[in-house]
Amino acid sequence: MSSIILDGKAVAAQLAAALATETAALKQVNGGRTPILATILVGDDPSSATYVKMKGNACRRIGMDSRTIVLPQATTTEELLEKIDELNAAPDVHGILLQHPVPHQIDERKCFDRIKTEKDVDGVTTTGFGMMAMNEPAFGSATPAGIMRLLRHYDVPIEGKRAVVVGRSPILGKPMALMLSNANATVTLCHSRTIDLEDEVRRADIVVGAVGKPHFIRASWIKEGAVVVDAGYHPGGIGDIEPDGLLGRCKAVTPVPGGVGPMTIATLVAQTLAAAQRAAKTSS
Ligand code: NAP
């Protein structure tokens, strides 16, 4: 079997080109104003700093702006809430991204939920999540929304398929399961208390690895002809799924790197532009 490579890097580049055109058009009707994504980075985690930088660069590449707010490691929940309130009130900011994870003393859920729904371009608020779950218009969490975009780009059949998502974090596994369910897959959501993970994975037509452990899901668990999506990312370009032997045996596979990562960033930028377009309509 020849496997399709789900090339997130190429699809994200195509999307970025379209977004650049749309951004230029929006600026023209919006008095030259540039859409802005505000990113908040709390603490000094080097990977988080890299992700924030990548997101800012992606905005600039399509003609949008980004504003990065860096807060010290010792920031309190109250201080972070104040900063979010400021950005909520800023008319020139269209999207707010609070980089996860925040230092342990901060109530992350409370801070996520303080973001105005219309500026929640990363789908992290309880309201935004609930609306997405109900199939109402809302920005989905950028990584699973990017995965859905990638699957759709390659016309991967989802309806009626048995999908297994490994990992149930609020930003990745859980919304992934709901998005697949909304697309009419039959979904199993696995986690650390799942009794026989290997058996669950073996039955999947679509496997999504979102477990956060390098090569934790073994290639031998995955059935022939399955679609394999690896959302994991670890230093050295290692995913959550062991890649050996997947090519030639699976129907489609995301590479790591170059699969899910670029789609996450492109989706975040697309959702920020959509928020700016909505804001422009509301104010006109
Ligand atoms: P997370 O918050 O640590 O969640 C990990 C999930 O895996 C949890 O639900 C946990 O179950 C489950 N799990 C842990 N051990 C398990 C086991 N032995 N068997 C089955 N399930 C197990 O991680 P995350 O933030 O969702 O990230 C997951 C991965 O995706 C990481 O590699 C991360 O780097 C990557 N990621 C990539 C992008 C991107 O843009 N490419 C974006 C976000 C995350 P419990 O709920 O029971 O604890």
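**A pocket, a ligand and some odd backbone spots**

Guide: The lining of the second largest pocket splits into 8 nonpolar, 5 polar and 6 charged residues. Keep in mind that this is a predicted model.

Visitor: What makes a residue of that lining nonpolar, polar or charged?

Guide: Residue type alone decides it. Take Pro 91, Val 93, His 94, Ala 279 and Ala 280, which lie nearest the pocket's centre among its 19 lining residues. Pro, Val and Ala count as nonpolar, while His belongs with the polar ones because it is not on the nonpolar or charged list.

Visitor: Why is it called a pocket and not a cavity?

Guide: A pocket is an open set of points, whereas in a cavity the 1.4 Å probe cannot get out, so this space counts as open. About 410 Å³ lies in it.

Visitor: Which residues are closest to the ligand, and how many surround it?

Guide: There are 21 around the ligand, with Arg 168, Ser 169, Ser 192, Ala 231 and Thr 264 the closest. Each one counts because a heavy atom of it lies within 4 Å. The shell divides into 8 nonpolar, 10 polar and 3 charged residues, and helix 9 (residues 260-283) gives the most to it, with 3 residues.

Visitor: How do you know that Tyr 233 makes a polar contact with the ligand?

Guide: A polar backbone atom of Tyr 233 is 3.1 Å from an oxygen atom of the ligand. The cut-off is 3.5 Å between N or O atoms, so the pair at 3.1 Å qualifies. Ala 231 also offers a polar backbone atom, 3.3 Å from a ligand oxygen. With His 191, the backbone partner is a ligand nitrogen, 3.4 Å away; these pairs pass too, because they are within 3.5 Å.

Visitor: What share of the ligand does the protein bury?

Guide: The protein buries 71% of the 920 Å² that the ligand exposes when taken alone.

Visitor: What kind of peptide bond joins His 100 and Pro 101?

Guide: A cis one, with omega about 0°. Pro 101 sits in the loop between strand 4 (95-98) and helix 4 (108-114). The bond from Val 256 to Pro 257 is cis as well, omega being near -5°, and Pro 257 is in the loop between strand 9 (252-253) and helix 9.

Visitor: What is the phi of Asp 155?

Guide: It is near 55°, a positive value in a residue other than glycine. Asp 155 is in the loop between helix 6 (142-153) and strand 5 (162-166).

Note on methods
Residues numbered from 1 in each chain as written. Predicted model: local features only at pLDDT ≥ 70, side-chain atom pairs only at ≥ 80, totals over all residues. Heavy atoms only, no water. 1 Å grid on protein atoms, 1.4 Å probe; cavity = no way out; pocket = protein on both sides within 12 Å on 5 of 7 lines; lining within 4 Å. Points joined across faces, edges and corners; volume = space filled by probe spheres on them. Polar contact = N/O pair within 3.5 Å; in protein donor to acceptor, adjacent residues only side chain to side chain. Areas by Shrake-Rupley, 256 points an atom, 1.4 Å probe, with all protein chains shown as cover. Helix = DSSP H or I, 4+ residues; strand = E, 2+ residues; numbered from the N terminus.
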